[in-house]
Amino acid sequence: EIVVQGESNSDNHAVPLLLKQQDNPTLTSTFVFNFSTELNTLLANVNVASSATTSFLSFPEALVQDVAGNPIAAVLASTAIAVTDFVQDDDRPRLASFSFDMTSLLLDLTFSEAVNATSFSATEVALQSTLNSQ
């Protein structure tokens with residue numbers, strides 16, 4: 001299990017990644033992983049992976065072996081490794097879908113990624129009768 005931590009010497013702010021390995025050759029020194037299932041968890045936790053100063057990895061020796069069968073040296077939460085290259089999330093959230101229930105009088109908004117609920121401004125939402133009305 002690979003864990004992303006917000007601090008190098010503590011697992012107080014830690015998010016385990018359930019990684020799906022992309023197509024990699026049998027012998028390689030570089031792996032590329034897709035962590036899209038954990039993306040919202042990471043985005044929602046401002047203490048982890050929100051910048052280079054809050055991005056550290058820890059993992060057990062069971063993570064990988066070299067071609068001779070030697071396991072990698074474990075990196076404990078107390079000595080987590082700092083990120084080498086960090087790309088900030090600059091994708092703006094978008095409204096992925098919405099539903100309106102006239103019986104329950106509920107408006108359900110679904111966004112493309114985790115959003116800060118305290119930033120939501122209900123007065124900025126407008127229901128329109130046609131596509132071009134204001």
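What follows is a short conversation about burial, contacts and a surface patch in a predicted model.

Trainee: What should I keep in mind about the model and its numbering?

Mentor: Residues are numbered from 1 along each chain as its sequence is written, and side-chain values use heavy atoms, with hydrogens and water left out. This is a predicted model, where local features need pLDDT of at least 70 and side-chain atom pairs count only at pLDDT 80 or more, while totals for chains, interfaces and linings use all residues.

Trainee: How confident is the predictor in the protein chain?

Mentor: pLDDT is the predictor's confidence in each residue, from 0 to 100. The protein chain averages 84, and 84% of the residues score at least 70. Confidence is lowest in strand β3 (residues 20-21), with a mean of 58, and highest in strand β6 (residues 81-82), at 94. Strands here are DSSP runs of E with at least two residues, helices are runs of H or I with at least four, and both are numbered from the N terminus.

Trainee: Why is Thr-54 called buried?

Mentor: Buried means under 20% relative accessible area, exposed means over 50%, and partly exposed lies in between (1.4 Å probe, protein chains only). Thr-54 has 14%, so it counts as buried. Its place is in the loop between α1 (39-44) and β5 (56-58). Not counting residues up to four places away in sequence, Thr-54 touches Gln-5, Gly-6, Asn-47, Val-48 and Ala-49; contact means heavy atoms within 4.5 Å.

Trainee: And what makes Leu-63 partly exposed?

Mentor: Its relative accessibility is 34%, which falls between the two cut-offs, so Leu-63 is partly exposed. Leu-63 lies in the loop between β5 and β6, and touches Ile-2 and Ile-72, leaving out residues up to four places away in sequence.

Trainee: Which residues form the largest nonpolar core?

Mentor: Val-4, Val-15, Leu-17, Leu-42 and Val-48, 5 residues in total. A nonpolar core is a set of buried Ala, Val, Leu, Ile, Met, Phe, Trp, Tyr and Cys residues joined through side-chain atoms within 4.5 Å. Beyond its neighbours within four places in sequence, Val-15 contacts residues including Val-4, Leu-42 and Val-48.

Trainee: Why can Val-115 belong to a patch?

Mentor: Patch residues need over 30% relative accessible area and no salt bridge (a side-chain nitrogen of Lys or Arg within 4 Å of a carboxyl oxygen of Asp or Glu), with nonpolar side chains (Val, Leu, Ile, Met, Phe, Trp, Tyr) joined within 5 Å and like charges within 9 Å. Val-115 has 41%, so it passes the area cut-off. Val-115 sits in the segment after β8, and β7 gives the most to the nonpolar patch, with 3 residues.
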